[in-house]
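Reader: I would like a quick tour of this protein model. Please show it before we start.

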Amino acid sequence: MQDKDLQLLTASEPLTLSEEYEMQLSWQTDEDKLTFIAISGNSIPKTIEEEVGRMIGDINLFFIFSPDIAEINMMVAENKFRRGGHGSEMLNLMMSYAVDHLNISKFSAKICNSNQPSINFFQKKKFSLESVSEVFQETSFELLSTDITPYKYSKIDYPFINSP
């Protein structure tokens, strides 16, 4: 991710594509994290080049405080995919998966105070305001798993799961 504004909004560091892949591979074996990469379209990409061209963004869970509480964060990286419902679908899929397969009972989200679009997004998704920290410039939200709407998803076999 090289977009400076996006780095600021997501508190992210710039990474090369190979660093992104390296990070994703490490997350496959790390038990306190889970990430999904969102790809546009209705079919599985046939090549890595097609995969990269269709990347929308990512959504992540962090299991820091308890195995049944997950901090969730997400990013729709490409402007052309913003405000089209992709973020809502990513959030719904991840939360449903986490409740169904990981027994998550509560989600928390921490957002940079200056990232008003994300604050609005999580409020629209019924996350409750937990706290606002001026020191860390961060707004925290939470949502109980009993308050989410179940979402249908399908398991697919993905051809590039072990790609560098």
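Author: The overall fold comes up front, then one helix in detail. This is a predicted model, where local features need pLDDT of at least 70, side-chain atom pairs count only at pLDDT 80 or more, and totals for chains, interfaces and linings use all residues. Residues are numbered from 1 along each chain as its sequence is written, and side-chain values use heavy atoms, with hydrogens and water left out.

Reader: In what pattern do the helices and strands of the protein follow each other along the sequence?

Author: Helices (H or I, at least four residues) and strands (E, at least two) are DSSP runs, numbered from the N terminus. The protein has five helices and six strands. Along the sequence they read α-α-β-α-β-β-α-β-α-β-β.

Reader: What percentage of the residues in the protein is buried?

Author: Buried means under 20% relative accessible area, exposed over 50%, partly exposed in between (1.4 Å probe, protein chains only). The protein has 164 residues, and the buried share is 35%.

Reader: Why do the buried residues of H5 line one face of the helix?

Author: H5 spans residues 116-124, with Ile 119, Phe 121 and Phe 122 buried. The arc is taken from the directions from the helix axis to the C-beta atoms. Pro 117 and Lys 124 are exposed on the other side of H5. The buried residues line one face because, seen down the axis of H5, they fall within an arc of 160 degrees.

Reader: Which elements do the buried residues of H5 pack against?

Author: Contact means heavy atoms within 4.5 Å. The partners of these H5 residues include one helix, H4 (86-102). The strands they pack against are S3 (69-76), S4 (106-112) and S6 (138-144).
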